[in-house]
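Trainee: Please take one part of this model and look at it closely. Start from a single loop and then follow the connections outward to whatever else is relevant.

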Amino acid sequence: MRIKDNIEKFRKELEPFGAKLIAVSKTHPVEKITEAYASGQKIFGENKVQEMTAKQPDLPEDTAWHLIGHLQRNKVKYVAPFVSMIHSVDSLRLLEEINKQGQKSERVIDCLLQIFIAKEETKFGLDHSELMDLIQSPMTSSLSHIRIKGLMGMATLTENKNQIREEFKSLRKIFDELKNTISGNIIMSELSMGMSADYRIALEEGSTMVRIGTAIFGTR
Ligand SMILES: *Cc1c(COP(=O)(O)O)cnc(C)c1O
């Protein structure tokens, strides 16, 4: 009941922005995900490969699984057969492995490039020049089993709303720059930013996908 209400609230709130809701179900049991699914939510985000692959068989076929956490190359093979989008691609080597496993599964896997925007040591992601190198690499354009659909970023965990806004603005700026450099397997249309604590700011700054855990499922 409560999960359903939360999802309906988000659906209404996101509608004017045309943004998608990724329900972040990490640490929560399959029963809760099923409850969310029953209220019409089809996209779920998990940050760990093992957890996602364990839960996936228990949800209906048309559930879309988004991997949002840091991904190690040796674990790509476990998610490649079913993952709907990987938000956390932060190197060409990882992209090559996703391509290889996508080929094995006869799939084209949608990816977002994670960009480092926070003022924290702990957040993963590419910086601006690494991003440009990756986008412009001939290797990238040769990968036929991946599709780069956009960018993902996480703001610093802080109470300072101005800082969060500036970080999201910086990501939006990079996103806008790249929107004009569309090529074969790069279609920059998604900007994944915003979590429970900062999604309103993210929406105002142009987010197309918010990743919401706590505000839907409660505290972990
Ligand atoms: C856990 C997580 C979220 C959701 O966080 P909440 O604060 O619970 O909404 C979003 N993105 C990533 C990458 C996460 O790991």
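Mentor: Thr-27 sits in the loop that runs between β1 (20-24) and α2 (30-38). The model is a predicted one, and that applies to everything that follows. The backbone at Thr-27 has a positive phi of about 70°, although the residue is not a glycine. Thr-27 counts as exposed because its relative accessibility is 51%, and the cut-off for that class is over 50%.

From this loop the path leads to the ligand. Lys-26 belongs to the set of residues around the ligand, and so does Val-24. A polar side-chain atom of Lys-26 is placed 2.7 Å from a ligand oxygen. Two arginines make comparable approaches from elsewhere in the chain. Arg-220 puts a polar side-chain atom 2.8 Å from an oxygen of the ligand, whereas the polar side-chain atom of Arg-211 lies 2.8 Å from a ligand nitrogen. The protein buries 90% of the 390 Å² that the ligand exposes when taken alone. The rest of the surrounding set includes Ile-68, Met-154, Met-195, Ser-196, Ile-212, Gly-213 and Thr-214. Sorted by class, the shell consists of five nonpolar, three polar and three charged residues.

Met-154 links this shell to a strand. It is one of the residues around the ligand, and it is among the residues that Gln-114 touches. Gln-114 lies in strand β5 and counts as buried because its relative accessibility is 5%. The side chain of Gln-114 reaches the backbone oxygen of Phe-124 at 3.2 Å. Leaving aside residues up to four places away in sequence, Gln-114 has contacts with His-87, Ser-88, Val-89, Phe-124, Gly-125, Leu-126, Met-152 and Met-154.

The other feature of interest in β5 is a charged pair. Asp-110 forms a salt bridge with Lys-149, with the closest N and O atoms 3.9 Å apart. Asp-110 lies in strand β5 (residues 109-115) and Lys-149 in strand β6 (residues 146-153), so the pair ties together parts that are 39 residues apart in sequence. Asp-110 and Lys-149 are buried. Before β5 comes a loop that begins after α5 (92-104), and Glu-106 lies in it. Like the threonine at the start of this account, Glu-106 has a positive phi without being a glycine, with a value near 55°. Glu-106 is exposed because its relative accessible area is 71%.

The structure holds 15 salt bridges, and two further ones deserve a description here. As a general point, side chains of opposite charge can pair when their charged atoms come close. In one of these pairs, Arg-165 meets Glu-204 with a closest N-to-O distance of 2.7 Å. Arg-165 is in helix α8 (residues 161-179) and Glu-204 in helix α9 (residues 199-204), so this salt bridge ties together parts that are 39 residues apart in sequence. Arg-165 counts as partly exposed because its relative accessibility is 25%, and Glu-204 is assigned to that class because its value is 48%. Salt bridges that share partners join Arg-165, Lys-169, Glu-204 and Glu-205 into one network.

Helix α9 also contains Arg-200. Its C-alpha atom is 9.4 Å from that of Leu-14, although 186 residues separate the two along the chain. Apart from residues up to four places away in sequence, Arg-200 touches Lys-9 and Glu-13. With Glu-13 there is a side-chain to side-chain polar contact of 3.1 Å.

These contacts lead to the first helix, where the other salt bridge is found. Lys-4 and Glu-8 pair through their side chains at 3.5 Å, N to O. This salt bridge is local: the two residues lie in helix α1 (residues 2-14), four residues apart, which is about one turn of the helix. Lys-4 counts as partly exposed because its relative accessibility is 36%, and Glu-8 is partly exposed because its relative accessible area is 30%.

To return to the loop you asked about: Thr-27 is exposed, and Lys-26 is one of the residues that surround the ligand.

Technical notes:
Residues are numbered from 1 along each chain as its sequence is written. This is a predicted model: local features need pLDDT of at least 70, side-chain atom pairs count only at pLDDT 80 or more; totals for chains, interfaces and linings use all residues. Side-chain values use heavy atoms; hydrogens and water are left out. A residue is near a molecule or strand if one of its heavy atoms lies within 4 Å of it. A polar contact is a pair of N or O atoms within 3.5 Å; within protein, one must be able to donate a hydrogen and the other to accept it, and residues adjacent in sequence count only if both atoms are side-chain atoms. Accessible areas come from the Shrake-Rupley method with a 1.4 Å probe; for residues, only the protein chains shown count as cover. Ala, Val, Leu, Ile, Met, Phe, Trp, Tyr, Cys and Pro count as nonpolar, Asp, Glu, Lys and Arg as charged, and the others, Gly among them, as polar. A salt bridge is a side-chain nitrogen of Lys or Arg within 4 Å of a carboxyl oxygen of Asp or Glu. Buried means under 20% relative accessible area, exposed over 50%, partly exposed in between (1.4 Å probe, protein chains only). Contact means heavy atoms within 4.5 Å.
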